[in-house]
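Reader: I would like a close look at one part of this model, the nonpolar core and the strands around it. Please begin with the overall surface and work inwards.

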Amino acid sequence: MLVALGALSTPLVAQVEAPPPPPPPVPPAPGPRSAIGFGFAATLGGGWQIESGEVSYVRPFGNGAIGALSFGARVGAFIDEGAILGGTRGFVFAPTLALRTGTASLAQIGDDQTATAIGFDVTLEASGYLASSSPLPHGSRWGAVALLPGLRVGSGDGPRYGFVIGPTMFLGSGKSTVRGLLAFRAEAPLARRERRP
């Protein structure tokens with residue numbers, strides 16, 4: 001009986017001292033979500049200015065040197081800032097391509113769980129304008145390049161809001177002019193696609 005007990009005790013000890021199974025792998029954290037952007041943009045100054053609404057598709061990359069890339073379109077009209085009534089003229093359409101830097105954090109509002117971030121970024125934007133009844137010296141077609149520093153509010157998977165203002169250069173018909181550009185923008189993240197097993 002002693003021999004039998006000694007033989008059985010060895011596998012029992014091995015079962016007790018078996019190493020625990022390894023923990024399951026941690027799935028990678030989801031990246032930033034693409035978004036649909038909406039906004040209002042206007043050139044600044046006296047005389048005829050452009051006021052327009054805009055819509056865009058925004059592809060974020062995080063907070064590195066390149067924060068987001070967006071493709072969009074702007075639709076609006078010329079507004080005579082000196083007129084009280086009847087100061088609208090023509091039609092303006094402009095496809096846009098914009099490259100935005102990562103957002104540098106300036107402050108946070110709220111507690112750690114639901115904090116809303118306030119940050120600073122810079123947008124480099126290229127546009128091609130098509131217009132009817134244009135009062136500007138560039139004719140009915142011209143290009144524009146804008147450098148737009150801005151403030152951005154929002155974080156996580158919620159909506160984000162931006163305010164940008166800066167110079168935009170109109171290029172066309174052998175003439176170039178520099179105007180101010182002001183824009184208010186909001187981005188609504190798109191829903192993630194769930195992976196099927």
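Author: Accessible areas here come from the Shrake-Rupley method with a 1.4 Å probe. On that basis the accessible surface of the protein comes to about 12,400 Å², and 66% of this surface belongs to carbon and sulfur atoms. The model is a predicted one.

Of the 197 residues of the protein, 30% count as buried. The protein has one helix and nine strands. Read from the N terminus, the order of elements is α-β-β-β-β-β-β-β-β-β, with the helix ahead of the strands. Among contacts between residues at least 6 apart in sequence, 54% join residues at least 24 apart.

Next, the strand pairing. Strand E2, residues 48-60, runs antiparallel to strand E3, residues 68-80, and 13 bridges join the two. Within E3, Phe71 is the residue that stands opposite Tyr57. E3 is also joined to strand E4, residues 88-100, by 11 bridges, and this pair runs antiparallel as well. Here Ala73 has Pro95 of E4 as its bridge partner.

Now the core itself. The largest nonpolar core holds 10 residues in all: Ile50, Phe78, Val92, Ala94, Tyr129, Ala131, Leu136, Trp142, Ala144 and Phe170. Two or more of these residues come from each of E4, E6 and strand E7, the last of which spans 141-153. Another core, of six residues, lies apart from the largest one; Ala41, Ala146, Leu181 and Ala183 are among its members.

Ala131 gives a local view of the largest core. Leaving aside residues up to four places away in sequence, Ala131 touches Phe78, Phe91, Val92, Ser140 and Trp142. Of these neighbours, Phe78, Val92 and Trp142 are listed, like Ala131, in the largest core.

Thr123 is a second residue to inspect. Thr123 is placed in strand E6, residues 116-132. Thr123 counts as buried because its relative accessibility is 3%, and buried means under 20%. With residues up to four places away in sequence again left out, Thr123 touches Ala98, Leu99, Arg100, Ala146, Leu147, Leu148 and Arg152. One of these neighbours, Ala146, is named in the six-residue core.

A general point helps when reading such strands: in a regular strand, side chains alternate between the two faces of the sheet.

Note on methods. Residues are numbered from 1 along each chain as its sequence is written. This is a predicted model: local features need pLDDT of at least 70, side-chain atom pairs count only at pLDDT 80 or more; totals for chains, interfaces and linings use all residues. Side-chain values use heavy atoms; hydrogens and water are left out. Two strands pair if DSSP finds at least two bridges between them. Helices (H or I, at least four residues) and strands (E, at least two) are DSSP runs, numbered from the N terminus. Buried means under 20% relative accessible area, exposed over 50%, partly exposed in between (1.4 Å probe, protein chains only). Contact means heavy atoms within 4.5 Å. A nonpolar core is a set of buried Ala, Val, Leu, Ile, Met, Phe, Trp, Tyr and Cys residues joined through side-chain atoms within 4.5 Å.
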